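Here is a report on the sheet, the backbone outliers and the empty spaces of one protein. Please look at the sequence and structure before reading on.

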Amino acid sequence: METTYAKRKIESLVSLFPETDAVFGYGSGAFYQPGYDDKTKKQLDVIIAVDNIVEWNKRNIIDNPTLYPLLSKVFYSRATEERQKNGARICYTSYINAAGETFKIGVIETKDLISDLLNWDTFYLAGRFQKEMLTVKGDKRIEQANKINRYNALTLAFLMLDTKMANTKEEVYRSICSLSYLGDSRKKLGAEDPEKEKKLLKGSFEFFNSTYLPDERWSINQDGTVSVNCVELEKAVSKLPVSFKSAINDAKRENGLSDLTSPLIRETIANHLKKLNSISSKKQTRKGIYTTGVGRSIRYAGAKLMKGLTPKFKNLKVRFSNFVKHSDKINADDNGKSKVKAKRTIVKN
């Protein structure tokens, strides 16, 4: 699906809705990713930032009742702010059919989105915005917060790499892609494409080049490997959100570490990310039953599980095909040997 087409469709959808602060598209519906094509039916993923999530959702189900299942309408008409903000402070509704397309819509208050980008409260939206996003309607406050979010994501990506290895630019970008999936409950359950980071990187490589380069913290050598400026990296760590900065400093102090290259630092960051991602993804999954409806939730979970299982089925198919070819070759060789043996027997007689 072309990006211009996706943007046009999202604009058509949003024209039906109450006033918004900002609108973004993302995922394989908005950008090219290997393994997907125009024949593959997929949802267009949309994030909408609004001033007041409770009032916006109430107004929207009144204006667009046919777009939402019954359980969603009941939830949005009665749920308190606390319930709607449970988890990652965003409410997702899947399989909304409008403007000739199918959408998955996430609604969040602008201040909550900005807070997650700056402070990594849940990392749920911060991790998403570290990757390529289609800006349908921009907001300068969100744009500025996301610059800081991406700056900090690169710092974390460096810290997660084994500096004893000769890392490449691709490995730095893959490290950024993987941050939001560490501890994600969907991936643990196999309800996510196991090759997602690889596909994201391949489809958005130019985005990563233009967003994360040039930067004073690193440079690319002639042989394609990466050199990290440790002095600048140390400075960058001091700019990380408080919880991450504290976790890293505590690990250094408790283990008597003098630099950031220790495997203990990587382990500390990974554990902190796993905890954040696990909590927010579990709560979002549970809340999704109410915001999307039981039927659509089952359908969505099934589609996610198929994404996770498809590469495994393909791998099994390839293995089986190779096994059959190998077996055929052995049979052919055995048949050939049998024929030769038979000819020798005839000659002897």
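## Tyr-95 and its surroundings

Tyr-95 is part of strand S3, which covers residues 90-98. The model is predicted. Phi of Tyr-95 is near 55°, a positive value in a residue other than glycine. Most residues other than glycine have a negative phi, and most peptide bonds are trans. Is Tyr-95 buried or exposed? Tyr-95 counts as buried because its relative accessibility is 9%, and the limit for buried is under 20%.

The backbone nitrogen of Tyr-95 has a polar partner: the side chain of Gln-43 reaches this nitrogen at 2.7 Å. Gln-43 sits in the loop between strand S1 (22-26) and strand S2 (44-50). Gln-43 is also buried, at 13% relative accessibility.

Ala-99 has a positive phi too, of about 55°, although it is not a glycine. Ala-99 lies in the loop between S3 and strand S4 (101-109). With a relative accessible area of 30%, Ala-99 is partly exposed.

The table sets out the positive phi values.

| Residue | Phi | Place |
|---|---|---|
| Tyr-95 | near 55° | strand S3 (residues 90-98) |
| Ala-99 | about 55° | loop between S3 and strand S4 (101-109) |

## The sheet

How are the strands ordered in the open sheet? Its five strands run in the order S3-S4-S2-S1-S5, and the pairing is mixed. S3 and strand S5 (134-137) form the edges, each pairing on one side only. From one strand to the next, the twist averages 25°.

S2 and S4 pair in the parallel sense. Seven bridges make up this pairing. Asp-45 has Lys-104 in S4 as its bridge partner.

## A cis peptide bond

Another backbone feature lies between Leu-213 and Pro-214. These two residues are joined by a cis peptide bond, with omega about -10°. Pro-214 belongs to the loop between helix H11 (205-212) and strand S6 (218-220).

## Empty space

Rolling a probe the size of a water molecule over the atoms shows where empty space is left. How many cavities of 30 Å³ or more does a search of the whole structure find? The search finds one. The largest cavity holds about 40 Å³ of space.

Which residues line the largest cavity? The lining consists of Gly-27, Phe-31, Tyr-32, Gln-33, Arg-128, Lys-131, Glu-132, Leu-200 and Ser-204. By class, this lining has three nonpolar, three polar and three charged residues.

The second largest pocket holds about 270 Å³ of space. It is lined by 16 residues, and the closest to its centre are Thr-163, Val-228, Cys-230, Leu-233 and Thr-261. Helix H7 (140-159), strand S7 (226-228) and helix H12 (230-237) are the elements that give two or more residues to this lining. The lining of the second largest pocket divides into ten nonpolar, four polar and two charged residues.

Conventions
Residues are numbered from 1 along each chain as its sequence is written. This is a predicted model: local features need pLDDT of at least 70, side-chain atom pairs count only at pLDDT 80 or more; totals for chains, interfaces and linings use all residues. Side-chain values use heavy atoms; hydrogens and water are left out. On a 1 Å grid over the protein atoms alone, a cavity is a set of points where a 1.4 Å probe fits but cannot get out, and a pocket is an open set with protein on both sides within 12 Å along at least five of seven lines; lining residues have an atom within 4 Å of a point. Grid points are joined across faces, edges and corners, and a volume is the space filled by probe spheres set on the points. Ala, Val, Leu, Ile, Met, Phe, Trp, Tyr, Cys and Pro count as nonpolar, Asp, Glu, Lys and Arg as charged, and the others, Gly among them, as polar. Helices (H or I, at least four residues) and strands (E, at least two) are DSSP runs, numbered from the N terminus. Buried means under 20% relative accessible area, exposed over 50%, partly exposed in between (1.4 Å probe, protein chains only). A polar contact is a pair of N or O atoms within 3.5 Å; within protein, one must be able to donate a hydrogen and the other to accept it, and residues adjacent in sequence count only if both atoms are side-chain atoms. Two strands pair if DSSP finds at least two bridges between them. Axes are lines fitted to C-alpha atoms, for helices over the stretch in contact, and angles run from 0 to 180 degrees between N-to-C directions.
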